[in-house]
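Please open the model in your viewer and keep the sequence beside it. The tour goes from one selection to the next, with a short account of what is there at each stop.

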Amino acid sequence: PVDGAAVQFDVISPSNNHYTSNDTTDSDGKAFSSFRHKTNYGTGVFYVDVTATKAGYVVGTASTTFVVQ
């Protein structure tokens with residue numbers, strides 16, 4: 001685990017609204033974010049991109065999707 005990495009979470013809605021949050025990894029290498037859906041975000045597929053950075057380490061990235069009906 002990498003402690004102290006900067007993590008950025010980006011959520012993009014089907015209507016192209018962007019929600020960004022940031023956290024720092026804990027001693028277990030975990031970072032957390034929450035997302036509250038707003039009516040104007042619409043329904044459909046939402047995209048989530050996560051980037052973790054820390055000097056001396058390779059940048060880590062991950063992506064996923066979820067559906068709001």
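Begin by selecting β1 and β2, which run antiparallel and are joined by seven bridges; strands here are DSSP runs of E with at least two residues, helices are runs of H or I with at least four residues, and both are numbered from the N terminus, while two strands pair if DSSP finds at least two bridges between them. A6 is a useful residue to pick out, since A6 stands opposite T24 in β2. The two strands β1 and β2 form a hairpin, with five residues between them.

Before going further, note that this is a predicted model, in which local features need pLDDT of at least 70 and side-chain atom pairs count only at pLDDT 80 or more, whereas totals for chains, interfaces and linings use all residues. Residues are numbered from 1 along each chain as its sequence is written, and side-chain values use heavy atoms, with hydrogens and water left out.

Next, select N16, which is placed in the loop between β1 (6–12) and β2 (18–24). Its phi is near 70°, a positive value in a residue other than glycine. Most residues other than glycine have a negative phi. N16 is exposed, with a relative accessible area of 52%; exposed means over 50%, buried means under 20%, and partly exposed lies in between, with a 1.4 Å probe and protein chains only.

Now move to S13, which lies in the loop between β1 and β2. Is S13 buried or exposed? At 6% relative accessibility, S13 counts as buried. Leaving aside residues up to four places away in sequence, S13 touches Y41, V45 and F46, where a contact means heavy atoms within 4.5 Å. The side chain of S13 also reaches the backbone nitrogen of N17 at 2.9 Å, a polar contact being a pair of N or O atoms within 3.5 Å; within protein, one atom must be able to donate a hydrogen and the other to accept it, and residues adjacent in sequence count only if both atoms are side-chain atoms.

That contact leads to N17, also in the loop between β1 and β2 and partly exposed, with a relative accessible area of 23%. Which atoms does the side chain of N17 reach? The side chain of N17 makes a polar contact with the side chain of S15 at 2.9 Å, and it reaches the backbone oxygen of N40 at 3.3 Å. Not counting residues up to four places away in sequence, N17 touches V11, I12, N40 and Y41. If you then add G42 to the selection, its C-alpha atom and that of N17 are separated by 9.4 Å, although the two residues are 25 apart along the chain.

For the next stop, select V45, Y47 and V67, which make a nonpolar surface patch of about 280 Å². V67 lies in strand β4 (residues 60–68) and is exposed, with a relative accessible area of 54%.

Finally, show the whole protein chain, whose secondary structure comes to zero helices and four strands, running β-β-β-β from the N terminus on. Along its principal axes the C-alpha trace spans about 40 × 20 × 15 Å, and of the 69 residues 17% count as buried. Among contacts between residues at least 6 apart in sequence, 44% join residues at least 24 apart.

Definitions and conventions
Patches are made of residues with over 30% relative accessible area and no salt bridge: like charges are joined within 9 Å, nonpolar side chains (Val, Leu, Ile, Met, Phe, Trp, Tyr) within 5 Å. Accessible areas come from the Shrake-Rupley method with a 1.4 Å probe; for residues, only the protein chains shown count as cover. A salt bridge is a side-chain nitrogen of Lys or Arg within 4 Å of a carboxyl oxygen of Asp or Glu.
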